[in-house]
Amino acid sequence: LVSQESGMLCRLNYGNNDNIQWIIDPCMSTQCYQVREESTNTRSVLQTRLSIKQLRTGPGDTLSIFSCVSSNCSSTWAKFSQSGEIFPISVVGDPVLYLTWTSNGITDVSAGWIANWKTEFGRM
């Protein structure tokens, strides 16, 4: 469980049979209330934006990203699930992101991936 407002996750030159999970929950250290702006009648809510600059994995090695409303992630919404080679992607969690990384037992491993996240207030 990661509760920081920004940071980086990565798996570079990864090994076989990985099965790793991360939960990014900015609400652990911040209150995640909706803020209503009277003058414009809009609401702002804390969101987590995850940016992946490049993803390069072997066949069957998969990074999946889900959005959750709390760190227990009892209800999730799929945002992204991919293996292979993908270039810049950005995913937004409302406000929690749940990531899973699995690599199979085949020795064909690739460069991996690097992701940065930052929490921000988004308009509704």
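Start by selecting Trp-101, which counts as buried because its relative accessibility is 0%; buried here means under 20% relative accessible area, exposed means over 50%, and partly exposed lies in between, with a 1.4 Å probe and protein chains only. The model on screen is a predicted one, in which local features need pLDDT of at least 70 and side-chain atom pairs count only at pLDDT 80 or more, while totals for chains, interfaces and linings use all residues. Residues are numbered from 1 along each chain as its sequence is written, and side-chain values use heavy atoms, with hydrogens and water left out.

Keep Trp-101 selected and turn to the aromatic pairs, of which the count comes to 4, where rings of Phe, Tyr and Trp (its six-membered ring) pair if their centres lie within 6.5 Å, and planes under 30 degrees apart count as stacked, over 60 as edge-to-face and the rest as tilted. Add Tyr-14: its ring centre and that of Trp-101 are 4.9 Å apart with the planes at 80°, so this pair is edge-to-face. The pair links distant parts of the chain, 87 residues apart, with Tyr-14 in the loop between S1 and strand S2 (19-24) and Trp-101 in strand S9 (residues 96-102); helices (H or I, at least four residues) and strands (E, at least two) are DSSP runs, numbered from the N terminus. Tyr-14 is buried, as is Trp-101.

Next add Trp-113, whose ring has its centre 6.0 Å from that of Trp-101, with the planes at 65°, so this pair is edge-to-face. Trp-101 lies in strand S9 and Trp-113 in strand S10 (residues 112-123), so the pair ties together parts that are 12 residues apart in sequence. Trp-113 also counts as buried, because its relative accessibility is 0%. With Trp-22 added to the selection, you have the cluster that ring pairs form from Tyr-14, Trp-22, Trp-101 and Trp-113.

Now move to the largest nonpolar core, which has 17 residues, and select those with the most contacts inside it: Leu-50, Ile-52, Leu-63, Ile-65, Leu-99 and Trp-113. A nonpolar core is a set of buried Ala, Val, Leu, Ile, Met, Phe, Trp, Tyr and Cys residues joined through side-chain atoms within 4.5 Å. At least two residues of this largest core come from each of S2, strand S4 (42-56), strand S5 (62-68), S9 and S10. Centre the view on Leu-99, which, not counting residues up to four places away in sequence, touches a set of residues including Leu-9, Ile-20, Trp-22, Leu-50, Leu-63 and Ile-65; contact means heavy atoms within 4.5 Å. A second, separate core of 5 residues can be selected afterwards, and Cys-68, Cys-73, Val-96 and Tyr-98 are among them.

Return to strand S10 and select Thr-119, which counts as buried because its relative accessibility is 11%. Leaving aside neighbours within four places in sequence, Thr-119 is in contact with Glu-5, Pro-26, Leu-46, Gln-47 and Thr-48.

For a stop on the outside, select Leu-12, in strand S1 (residues 6-12), which is partly exposed, with a relative accessible area of 46%.

Finally, show the whole protein chain, whose secondary structure comes to 0 helices and 10 strands. Buried residues make up 39% of its 124 residues, and among contacts between residues at least 6 apart in sequence, 77% join residues at least 24 apart.
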